[in-house]
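Here is a friendly walk through the two chains shown below. Keep the viewer open while you read, and follow the elements one by one.

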Amino acid sequence: MTDTDTPTVDNGVNVEALLGARQALTDAPQAALFQWRASCEWVNGTHSRSTVSGFSGLGEEHTHRQEFVLDADHPEVFASQDNGPTPPEIVLGALASCLTAGVATVATNRGVQLRSVTATIEGGMDLQGILGIDGDVRNGFDGIKVTYDIDADAPKADIEAIVAQSQKRSAVFDIVANPTTIHVEVT
Amino acid sequence: MRTPVVVIGAGQAGLAMSHHLTGRAIDHVVLDRGEVAQSWRTERWDSLRLLTPNWMSRLPGYRYRGDDPDGFMTKDDTIAFLDDYGRSFGAPVRTHVTVEEVRLRGSGFEVTTDAGVWSCDAVVAATGASSEPRRPAVAADLPGRIDQLTALQYRNPDQLADGEVLVVGASASGVQIADELRRSGRHVTVAVGEHVRLPRRYRGHDIHWWLDAVGHLDERYEEVDDIDRARRLPSLQLVGSSRPRTLDLNTLIATGVEVVGRFMRVAGTRAQFSGALAHLVANADLKLNRLLARIDEFALEHGLDAELTEATRPPATAVGTVPTELDLGRFATVIWATGYRPSFPWLDRAAFDQRGRLVHDGGAGALPGLYVLGLPFLRRRKSSFIDGVGPDAAELAGHLHAHLDRRVPPAARITRAG
C-alpha cells in the first residue's frame, strides 16, 4: 500500500478472498453446500480417536493438507486413562476456536489491528444427567460462558461489536446454541 | 375498460401515488379489495396505534393538523386520516374490487378483477408490506390442541382461550401483544429472535424525531452497504400509546413476562428455544448505544446540547439465565408475531426471479411500466412509514410519467379534466 494515511491491518486474514468467495457463492448457491466429515475409531476403554481428512464443497471433493487426529478420553477421576480431552471439552475448544477465527476475520474487515486475543471458556455440567440419577437433569452443558480478553487498536465498544458479529456468523455457536437433527444408524 | 394507470391498493402508498398522478394529470384508477385503509380495518388488533407521532403523518399534499402533534393515532384515527386524505384530492378509488390477475399484454398490462378487466400502460402494486404473516415451519409441529394465531388475526386478550400464551417474536407486534396479554392477567412467554431495541423518547424528544433529524430515515437504498439485509431488518421495538412509553424486554420482564430465545423446534412434548438469546440482546444493546451516540454527536454539532435533557442511556437488557426447553403442555395459545411479507399472487410471473422475489430497482419493476410502492426500505429507510411513502411516490410517479411519454405522444393520451 502506498497510502500512508491508512495503516495496513495485518491479522493474517485474507479478507479480500473471503469477500470474493461471498460474492461468488451468492451467484452460485450450489457451490456453497459443504459437507464436513470425521471418522472415529474406538481404541480402548473410553479412549477413541477421530480422524479428519476429506470434505466436500464448491462442487467437488477436497482433502486437508494432512490428516488430522483427535484423541478423546475421560479423566482419571472417572477411572479412565486420560489419553485426551473429554468430548465436551473438545466442543468447548471448537466453540472458542470458531468464535476466535470470527474475531480475527471481522476485526480485519473493520480495519482493527489485533495484538492479542484470549478466550476463556467454561461449561457447567451436572453429572446426575449422564449417570441417569435424575431424569430432569440434561446430559449436556447447563450453560457455557466465554470470556474474551482482547488487546487491539480500537475502543471497547468496537471490540464488543466485533465479538458480537463473530457470534452472529459462527457455525459452532449456532451448532451449540440451537438444536440440530441427528440420525444415528448401525450398518 | 381502458386507463393509462391502474393502482392496486388504497392505503397510504396507493393514495400517495394517486395524489402524484393527479398532480401530473395522468388518468388512473385506484382499486381496492375493500375500503380505503382496508388492512387497518380488518387486519390490526384493537389497541394498535401508529408507531410514529402524529406530526410525522405527512403525505403528499396532506398532513396531520390536529391539536396533539406528539400523540399517536389509534387504528380508527388512522383509518379516518387515510379516508380524509383520499377525499382531499378526490382520489379515483374503486372500492370492493378484487384484482384477480395482472398480465403483460403487448406493451402494457391487462388487469382482471371481479368487476371487469382494465387494460393499461402501467400498474402500481401498492398492496403493502404486510399482506401475509411469516410463520416459521415449526408451526406445523405444534400439537393440534394449541390454538395458533398470527398477529394479523389477533384482536384482543378476550379472543383467546384461557391459559398461558407463547408469543413468538419481539419486534413491535410481539412486544405489544405480549404486553397487552400480560396486563390482562395472562401468564405470557415471549420467544425472542433478532430485534431492534429503541427507547420511546431520548433527551426530551421522541426517538422518531431524532431518527428524522439525524437523517437516519432518509438514508437511500443506493447508499447502504447491503440493501437486502437492510430490507430484512425487523421492525422497531416500539409502541404508540396515549402516554409515550418505552416497551422493550426489560419492560416486559418487569411486568412478569417470561423471556426465552428464538423458537427453534418441537421435540416430543417440549418446545426448544435457541441458547443465543444473550448474544441477541447484547447485540441489540450495542446497536442502540451506537445510535444514541450518533444522536449525542448530532446534538453537539448542532448546538442543541445545552437545551436538551441529560444523555441517560437505557440500562442493559437483563434477561438472566433462561430455559432452552419448555413443556408445550403449559400453553393454550401460540401467537406468531414473526413478521409479515408482501404478496402479489395476482401478478404476472415474469415480474419475479427464480426464487419468487419481485424484481425491482427502488420500486421500478423489471417489467417496463410495473411499479411497487410501500415496501420496507424500497427507496429510503422510511419507505414503509406513512411519512416515507410520499417521497418514494413522487420519484416513482416521475419515472412512470416518463415511461408513459415514451410509449404514447402526450397529445394522444387521455387526461383528466382539471
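## Strands, helices and a shared face

In chain B, Glu110(B) has Ser119(B) of E8(B) as its bridge partner. Before going further, please note that this is a predicted model, in which local features need pLDDT of at least 70 and side-chain atom pairs count only at pLDDT 80 or more, while totals for chains, interfaces and linings use all residues. Residues are numbered from 1 along each chain as its sequence is written, and chains are lettered from A and ligands numbered from 1 in the order in which they are written.

Element names follow DSSP runs numbered from the N terminus, with at least four residues for a helix (H or I) and at least two for a strand (E). Two strands are called paired if DSSP finds at least two bridges between them.

**The antiparallel sheet.** The bridge between Glu110(B) and Ser119(B) belongs to an open sheet of three strands in chain B, ordered E6-E7-E8 with antiparallel pairing. Strands E6 (99–105) and E8 (116–120) of chain B are its edges, each pairing on one side only. From one strand to the next, the twist averages 15°; axes here are lines fitted to C-alpha atoms, for helices over the stretch in contact, and angles run from 0 to 180 degrees between N-to-C directions.

E6(B) and E7(B) are joined by six antiparallel bridges, and Leu104(B) has Phe109(B) in E7(B) as its bridge partner. Their hairpin has two residues between the strands, and Gly106(B) takes a positive phi near 65° there. On the other side, strand E7 (residues 108–113) of chain B pairs with E8(B) over five antiparallel bridges. One of the partnerships with E8(B) links Val111(B) to Trp118(B), and a hairpin through two residues connects E7(B) to E8(B).

**The parallel sheet.** Chain B also holds an open sheet of five strands with parallel pairing, in the order E11-E22-E12-E13-E18. Strand E11 (147–150) and strand E18 (258–260) of chain B each have a single partner strand, so one side of each is left without a neighbour in the sheet. Neighbouring strands are turned by 20° against each other on average, direction ignored. Strand E13 (residues 188–191) of chain B meets E18(B) through three parallel bridges, with Val190(B) opposite Val259(B). Helix H4 (residues 172–183) of chain B lies across E12, E13 and strand E22 (331–336) of that chain, at about 170° to E13(B).

**Two residues side by side.** Burial is judged by counting other C-beta atoms, placed from the backbone, within 10 Å of a residue's own: 20 or more means buried, 12 or fewer exposed, and anything in between partly exposed. Contact means that two C-beta atoms, placed from the backbone, lie within 7 Å; the contacts below leave aside neighbours within four places in sequence.

| Residue | Element | C-beta neighbours within 10 Å | Contacts |
|---|---|---|---|
| Leu166(B) | strand E12 (164–168) | 27, buried | Thr189(B), Ala191(B), Phe331(B), Val334(B) |
| His403(B) | helix H9 (386–407) | 18, partly exposed | Ala122(B), Pro368(B), Gly369(B) |

Leu166(B) and Gly256(B) are 90 residues apart along the chain, with 13 Å between their C-alpha atoms.

**The core.** Which residues have the most contacts inside the largest nonpolar core? They are Val123(B), Val124(B) and Leu373(B), in a core of 121 residues. Such a core is a set of buried Ala, Val, Leu, Ile, Met, Phe, Trp, Tyr and Cys residues joined through C-beta atoms within 7 Å. Leu373(B) has contacts that include Ala13(B), Met17(B), Val124(B) and Leu396(B).

**Where the chains meet.** Contacts link 11 residues of chain A with 12 residues of chain B. H3(A) gives the largest share of the chain A side, six residues. That side divides into six nonpolar, three polar and two charged residues; Ala, Val, Leu, Ile, Met, Phe, Trp, Tyr, Cys and Pro count as nonpolar, Asp, Glu, Lys and Arg as charged, and the others, Gly among them, as polar.

The buried residues of H3(A) include Ile159(A), Ile162(A) and Val163(A). Those buried residues pack against H2 (87–109), E5 (143–152) and H4 (171–177) of chain A, together with helix H8 (277–301) of chain B.
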